[in-house]
Amino acid sequence: MTKLVDHWIDGTRTGAVAGPGGGADIFNPATGEVEGQVVLATVEEVDAAVAAAARAFPGWRDTSLTRRTQVLFRFRELLDRHRDDVAALISAEHGKVHSDALGEVARGLEVVEFACGIPHLLKGGFSENVSTRVDSYSIRQPLGVVAGIAPFNFPAMVPMWMFPIAIACGNTFVLKPSERDPSASLLIAELWQRARLPDGVFNVVQGDKVAVDRLLAHPEVKAVSFVGSTPIARYVYETGTAHGKRVQALGGAKNHMLVLPDADLDLVADSAVSAGFGSAGERCMAISVVLAVDPVGDELVEKIVSRVRDLVIGPGDDPRSEMGPLVTAAHRDKVASYLDIGVQEGAKIVVDGREAPVTGGRGNGFWMGPTVLDHVPPGSRVHREEIFGPVLSIVRVRSYEEGLGLINSGEYGNGTAIFTNDGGAARRFQNEVEVGMIGINVPIPVPMAFYSFGGWKDSLFGDTHVHGTEGVHFYTRGKVVTSRWLDPSHGGINLGFPTNA
Ligand code: NAD
């Protein structure tokens, strides 16, 4: 055991000693070995991070837009130069293959690039002469100290959905990464410092529920962005708003791909395998259910299975690997348990990932190969529940209407896709489906940074999606100023309600 991952508060690491909050093991999922420990913050350590952020706020909010933007551009360049280093840290602790980790860094970088345009994004409106010689204008101001709480599955990208925009808007930030893969956050903090971001503007507290609960209750924290599972998202939203905070809490998902009979089945099979098994299915936008409209089911399953059998499973740092292990042994066991549940419910296992060959040997890694379940009964647990692993369920449906009904009756509404060559059907789907992010012949429709990311129903608590203009809105609040500079004709006393008559 070598590394010890600590906090980053006020521009310095807090020291490699596990505090009274204790520590948690960090595993290499490909070997099952413990590679280090992450410090779990106490209430006092969270308070120290929030205090540092609060001290830094007045100076940062008054830093000119030009200077803030220059820091962002420098951070962008450094992150770009170190993308391989960030990806290597992610891969070692999360397990995803290096190319996939690079992909998440690239998507995070796009948000940084979007945030570089903050002077334009913060422009307000101005109306001259709303009354005679009276002008009105709107401005958006930062909130103060804001916090971000991240899940394990995107240790770089998800925090970057949050902090580039929060910081660009003039806020100061406290990040609470997942305790499973915390190392990327410290490298990111170092890069901010090298970009000459003032100390205290970006802080990292490592931790678990203790840290989250303190951030949710701390009176100095004005807003919380959360991404994680639905039960915790609901808890964070309810607790944070009860403490008077602005909260956006993104939750879990169960994403369906609806395949109409006129679709290009080779494109569908390629897409289903990529979106179902990329990152071992540990993506909130993974496709986990294929709704095959009759009569395409048999041919489609055959095409998917032939592709799945060729996938190379192995350690994330082996360039041959296409899919890595799952994040923990407990998660692997939970995912595997759904195969038995599926069989009990009447599904048929056509590819069983439990014994999939692993390039370089299984060792004690948290392996689970790609699994395909066919004839999954609609409404069964395997169909409805988020499994968050490499398990693709095929549900046979008779019609577009039946498929749409299954999507809309689910509790989640994160992402979905339709595959068809019929533009009218696709347009109808985009109109009728109750989901936040839609793909048309695109399996993982993650919006670009200049749009906003977020689902509907139990996939998001709060009303603001992340990044894009909604992100700018979330991290600022509006003011409208009505001003008059006196001249001799100001009109004297008037007890009536102000009107522009
Ligand atoms: P998680 O909910 O277990 O953890 C998320 C964060 O909450 C972590 O920082 C964790 O330390 C903290 N946390 C965990 N338990 C807590 C508790 N009881 N009280 C307070 N805080 C707690 O999620 P995860 O397993 O890390 O990530 C996977 C989940 O995230 C999946 O459900 C996935 O769909 C979801 N996710 C959603 C999106 C999205 O955009 N909607 C994106 C990525 C991941």
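Visitor: In this predicted model, how many of the residues of strand S13 (residues 255-259) are buried?

Guide: The model is predicted, not experimental. A residue is taken as buried when its relative accessible area is under 20%. By that criterion strand S13 is mostly covered, and the number of its five residues that are buried is five.

Visitor: Which residues of S13 lie on each of its two faces?

Guide: Both faces of the strand are covered. One side carries Asn-255, Met-257 and Val-259, all buried. The other side, also buried, carries His-256 and Leu-258.

Visitor: Which residues are the bridge partners of Met-257 in S14 and in S19?

Guide: S13 pairs with strand S14 (residues 287-293) in the parallel sense, over five bridges. Strand S19 (residues 415-419) also runs parallel to S13, joined to it by four bridges. Within these pairings, the partner of Met-257 in S14 is Val-290, and in S19 it is Ala-417.

Visitor: What is the handedness of the β-α-β unit that S13 and S14 make with helix H10 (residues 265-277)?

Guide: The two strands of the unit, S13 and S14, are parallel. Helix H10 completes the unit with them, and its handedness is right-handed.

Visitor: Which helices are included in what covers the buried residues of helix H4 (residues 98-115)?

Guide: H4 has 18 residues and reaches 26 Å from its first C-alpha to its last, close to the 26 Å expected. Its buried residues include Asp-100, Glu-104, Leu-109 and Phe-114. The cover over the buried residues of H4 includes helices H2 (65-81), H3 (83-94), H5 (118-121), H6 (157-168) and H16 (468-474).

Terms used
Residues are numbered from 1 along each chain as its sequence is written. This is a predicted model: local features need pLDDT of at least 70, side-chain atom pairs count only at pLDDT 80 or more; totals for chains, interfaces and linings use all residues. Side-chain values use heavy atoms; hydrogens and water are left out. Buried means under 20% relative accessible area, exposed over 50%, partly exposed in between (1.4 Å probe, protein chains only). Two strands pair if DSSP finds at least two bridges between them. A crossover is right-handed if, with the strands pointing away from the viewer, the path from the first strand over the helix to the second runs clockwise. The expected span of a helix is 1.5 Å times one less than its number of residues. Contact means heavy atoms within 4.5 Å.
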